Amino acid sequence: MRAGARHAHGAHGGYRPGRDPGRAHPGRGRRADAGPGRHARVRQDRHPDPRHPPRGRGLRPEPVASDPATRDPVVRDATAGAGPADAEARVLALAAAVEDASEHPLGRAVVEEASLRGIPFSRASGVEARIGMGIVGHVDGQRVAVGSARLLREEGIPEEEIAEAERRFGADARTIAWVAAGGRLLGAIAIADPVKEDARDTLLALKRRGFRTVMLTGDNEAVAAAVAEHLGIDDYRAGLLPAQKVDAVRQLRAEGRTVAFVGDGINDAPALKAADVGVAVGTGTDIAIEAADITLVQGDLRSVLRATRLARATFRKIRENLFWAYVYNVVAIPVAFLGLLHPVIAEAAMALSSISVVTNANRLRRARL
């Protein structure tokens, strides 16, 4: 892969309101220590959630750092529309009831916030995750939707209510989870989603090596712009569904780019498959790991740098071995054809050639990654 012709992509794999930003083996279809599971992780008696972690993204940075004490999403505010004094608590209770059936980090943040405030919530039924948009379910006989503005539109929430809410929160550089029930928009929950500590250093190091970084995210424009500026990302695409991420990857490949896509969520799996090289974060979902070519076992973003070093060292050894094999054949075959090389010596030379190739390849063990 030539410098300047490569793209390293970070993608956000969750529903975030609108959001959905080890060792490596260079070959497609292989992974280093992919880990034990082969199926999506699902909590007992819970519904599988295709919005799983957008965090810990390889090259993909976390949207907006907020709480220096943790890298988990944290609820910063819950706002209700006009209503009784306890309306805010009702918004959190309904959201927590639905999100309690989810494994998504943003959903867990909502549940934890309700618990911290001592707000009781019911158990939701008929919970259904909407890929790239949010989650819906039934609480106390009414349908509740938690997620993006796109989800609200699908649920038939009046457009004027959505427009008013977007005017209030559209410029907020935080993840906004809208909460609707009974066909009405009740309120919004602002969630701060921290940046992974090593994201900026990793991205800067990749740029120094000639990579161009692009963030593909389902988050709103304000969140995406803030993250891109904070982490020094070259370009970003906001408000993308999983299929649109695939389209973005294909577009870059059609321009003659070699694309490496880093992701960790179910929403990232299609783009991981569509890229020239898919890199999954080992702390993400099994489906993302299964779709990727390389898995970063520890979830350390700096492993992306080690993977590029290993890939370059591997191709360097391939070129060296091809060179020596070519030289050997150019010299030895004519000599043997003229009868100037004893068969026993030729056989020994062939064995020596094989040994030299294997020995040179084993020098990869000493490569500084």
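In which helix is Leu94 found? In this predicted model, Leu94 belongs to helix H1, and this residue makes a good starting point for a newcomer. With a relative accessible area of 7%, Leu94 is buried, because anything under 20% falls in that class. Leaving aside neighbours within four places in sequence, the residues in contact with Leu94 are Val139, Gln142, Val144, Ala181 and Leu186. Val179 offers another view of the fold around Leu94: the two are 85 residues apart in sequence, yet their C-alpha atoms lie 7.9 Å apart in space.

From here the path leads to the largest nonpolar core, which has 26 residues. Within this core, the residues with the most contacts are Val110, Val139, Val144, Val146 and Ile189. Two helices, H1 (87-99) and H2 (105-116), each supply at least two of the core residues, as does each of the strands E4 (134-139), E5 (142-147), E6 (175-181) and E7 (184-192). The greatest share comes from H1, which gives eight residues. As general background, nonpolar side chains tend to be buried together in soluble globular proteins.

Val144 shows how such pieces meet. Setting aside neighbours within four places in sequence, Val144 is in contact with Leu94, Val98, Ile135, Val136, Gly137, Val139, Ala180 and Ala181. Apart from the largest core lies another, of 16 residues, with Val246, Ala248, Val249 and Leu252 among them.

The loop between E4 and E5 holds Asp140. Is this residue, Asp140, buried or exposed? Its relative accessibility is 63%, so Asp140 counts as exposed. The backbone of Asp140 also deserves a look, with a positive phi near 50 degrees in a residue other than glycine. For context, most residues other than glycine have a negative phi. A positive phi, of about 70 degrees, also appears at Gly232, just after helix H6.

Helix H6 itself spans residues 221-231, and its buried residues are Ala222, Val223, Ala224, Val227, Ala228 and Leu231. What covers the buried residues of H6? The cover includes strand E6 and helix H5, together with strands E8 (211-216) and E9 (235-237).

Helix H5 also has a partner in helix H10. H5 (residues 199-208) and H10 (residues 303-337) pack with their axes 9 Å apart, at an angle of about 25 degrees. The two helices are therefore roughly parallel to each other. On the H5 side the contact is made by Thr202, Ala205 and Leu206, and on the H10 side by Val304, Leu305 and Thr308. Of the residues in this contact, four are nonpolar, two are polar and none is charged.

Thr308, one of the contact residues of H10, rewards a closer look. Thr308 counts as buried because its relative accessibility is 13%. Not counting residues up to four places away in sequence, Thr308 touches Leu206, Arg209 and Phe211. Arg209 and Thr308 are 99 residues apart in sequence, while the distance between their C-alpha atoms is 9.6 Å. Within H10, the side chain of Thr308 reaches the backbone oxygen of Leu305 at 2.6 Å.

Notes
Residues are numbered from 1 along each chain as its sequence is written. This is a predicted model: local features need pLDDT of at least 70, side-chain atom pairs count only at pLDDT 80 or more; totals for chains, interfaces and linings use all residues. Side-chain values use heavy atoms; hydrogens and water are left out. Axes are lines fitted to C-alpha atoms, for helices over the stretch in contact, and angles run from 0 to 180 degrees between N-to-C directions. Helices (H or I, at least four residues) and strands (E, at least two) are DSSP runs, numbered from the N terminus. Angles under 35 degrees count as roughly parallel, over 145 as roughly antiparallel, 65 to 115 as roughly perpendicular and the rest as oblique. Contact means heavy atoms within 4.5 Å. Ala, Val, Leu, Ile, Met, Phe, Trp, Tyr, Cys and Pro count as nonpolar, Asp, Glu, Lys and Arg as charged, and the others, Gly among them, as polar. A nonpolar core is a set of buried Ala, Val, Leu, Ile, Met, Phe, Trp, Tyr and Cys residues joined through side-chain atoms within 4.5 Å. Buried means under 20% relative accessible area, exposed over 50%, partly exposed in between (1.4 Å probe, protein chains only). A polar contact is a pair of N or O atoms within 3.5 Å; within protein, one must be able to donate a hydrogen and the other to accept it, and residues adjacent in sequence count only if both atoms are side-chain atoms.
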